[in-house]
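Visitor: I've got the sequence and the model open side by side. Mind walking me through it?
Guide: Sure, fire away.

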Amino acid sequence: MPSIAAAVCRTAIVYFYLLTLMRLSGHRTIGNATPIDFVTALIIGDMVDGIFFNEIPVYQGLLCLSVVVLSHLLVRLGDFYFPAFYRLLHSTPTPFVRAGRWLPQGLRAERVNNDRVRAILRQEGHEDVEDVAFAQLECGGELSVQPVDLPLQRKDLKR
Amino acid sequence: MDLNDILAAVGRTVLVYVFVLVIIRLLGKREIGNFSAFDFLVALMIGEVVDEIIYANVSIGMGFAVIGAIGVLEYVNSWATYKSKWISKLTSGSPTVIIERGHLNRRGMAQERISEEEIWANLRMQGITDLKEVKVGTIETDGEISFVKEEWAQEATKGDLQHARSAVRS
């Protein structure tokens, strides 16, 4: 029984410690915005159970968690202050479609075939590439799409 | 590994699965549906505890106690955030403005350490190609970026069309 109570205490300590770390390091530090954020979150998730079940001492676990968060924070700072570092780490967006035409070199570079892209375009309501002015794969792995025929805006009616 | 071991592992797996299902259900929609970065971490934590129980590295009682503790902490945290604006600010911070009236807000960007390229990627994903269209761009407390467009750049509605028609007629 006392060991269960101790495990609950360790869980609470880790919970509040992580809450504090996340709060101090900013809103977007760890999440799923970019692949690196995602992996960092997985690493942290994987580290905590060792502390819960007393496989490693609490202080050591907290120290290692801090080091992971701090490293990630440094990467984030590098991202912000050095655009070259950002491009190195996250690469640059890859265009797939320009003016209704496929760009085969972009598809090849990302190893995506055009059926996959068509599926995404359909989900956004475009029948085929002819309707698309421009589509590119962003660094987070999402496709940004701009249709040839843009939706009506309020200013269009005011003329 | 004999048959009993296998059956025991299957039994533990089912038990843990049902237990986690109950915990998540009790926590409600907010925690799991609308992930903030921290809620995401909490979900990962639960996932890591589960495999220790399934492979009998820890006793079921111990594992359930830990998952239960995580659930209670999440509940208390969300309840406190709901009850008190002060605690909400303390644990989740406040939104940061990064675009104002079509211009990048450098101070907000530095505060959140978001680069111009990242903002542009987000704008493109929401179909915005001109910064002027954005009235306010905000990094919300869950890390999502929201853009509110200027009145003229907003999507025209059926009501707008009606106004335009009656203006043409008169």
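Visitor: How many salt bridges are there between chain B and chain A?
Guide: There are 5 between those two chains. Bear in mind that this is a predicted model.

Visitor: Can you give me one? Which residue does A:R154 form a salt bridge with?
Guide: A:R154 pairs with B:E151, and their closest N and O atoms are 3.4 Å apart. Side chains of opposite charge can pair when their charged atoms come close.

Visitor: And how many residue pairs are in polar contact across that interface?
Guide: The rule finds 15 such pairs between chain B and chain A, with both residues at pLDDT 80 or more.

Visitor: Which elements give two or more residues to chain B's side?
Guide: Helices, going by the list: α3 (37-54), α4 (60-83), α5 (85-92), α6 (106-112), α7 (116-125) and α8 (158-169) of chain B.

Visitor: What's the mix of residue classes on that side?
Guide: The side of chain B that touches chain A has 27 nonpolar, 14 polar and 15 charged residues.

Visitor: How much area do the two chains bury between them?
Guide: About 4800 Å², with 66% of it on carbon and sulfur atoms. On chain B, the residues that lose the most area to chain A are B:L73, B:R113 and B:R124, which together make up 14% of what that side buries. As for residues in the contact, chain B supplies 56 and chain A supplies 52.

Visitor: Let's zoom in on B:A65. Where is it found?
Guide: B:A65 is in helix α4 of chain B. Leaving out residues up to four places away in sequence, B:A65 touches A:I4 and A:V8.

Visitor: How far apart are B:A65 and B:L123?
Guide: They're 58 residues apart in sequence, and 44 Å separates them in space, C-alpha to C-alpha.

Visitor: Back to salt bridges. How many over all chains?
Guide: The search of the whole structure finds 10. One of them joins A:D37 and A:R76, with the closest N and O atoms 2.9 Å apart. A:D37 lies in helix α2 (residues 35-52) of chain A and A:R76 in helix α3 (residues 58-81) of chain A, so this pair ties together parts that are 39 residues apart in sequence.

Visitor: Switching to sheets. What's the strand order in chain B?
Guide: It's an open sheet of 4 strands, ordered β2-β1-β3-β4, with antiparallel pairing. At the edges sit β2 (103-104) and β4 (145-149) of chain B, each pairing on one side only.

Visitor: How many bridges join β3 to β4 there?
Guide: Strand β3 (residues 134-139) of chain B is joined to β4(B) by 5 bridges, and the two run antiparallel. To get the register, look at B:G137 opposite B:F147, and B:V134 opposite B:K149.

Visitor: What about the turn between them?
Guide: β3(B) and β4(B) form a hairpin with 5 residues between them, and B:G143 in the turn has a positive phi of about 90°.

Visitor: Which helix lies across that sheet?
Guide: α7(B) lies across β1 (96-100), β2, β3 and β4 of chain B, at about 65° to β4(B).

Visitor: And chain A, what's its strand order?
Guide: In chain A, an open sheet of 4 strands has the order β2-β1-β3-β4, with antiparallel pairing. Its edge strands are β2 (101-102) and β4 (143-147). Helix α6 (residues 114-123) of chain A packs on this sheet, touching β1, β2, β3 (132-137) and β4, and its direction makes about 65° with that of β4(A).

Notes: Residues numbered from 1 in each chain as written. Chains lettered and ligands numbered in written order. Predicted model: local features only at pLDDT ≥ 70, side-chain atom pairs only at ≥ 80, totals over all residues. Heavy atoms only, no water. Contact = heavy atoms within 4.5 Å. Buried area = accessible area lost by both parts, 1.4 Å probe. Salt bridge = Lys/Arg side-chain N within 4 Å of Asp/Glu carboxyl O. Polar contact = N/O pair within 3.5 Å; in protein donor to acceptor, adjacent residues only side chain to side chain. Nonpolar A, V, L, I, M, F, W, Y, C, P; charged D, E, K, R; others polar. Pairing = 2+ DSSP bridges. Axes fitted to C-alpha atoms, helices over the stretch in contact; angles between N-to-C directions.
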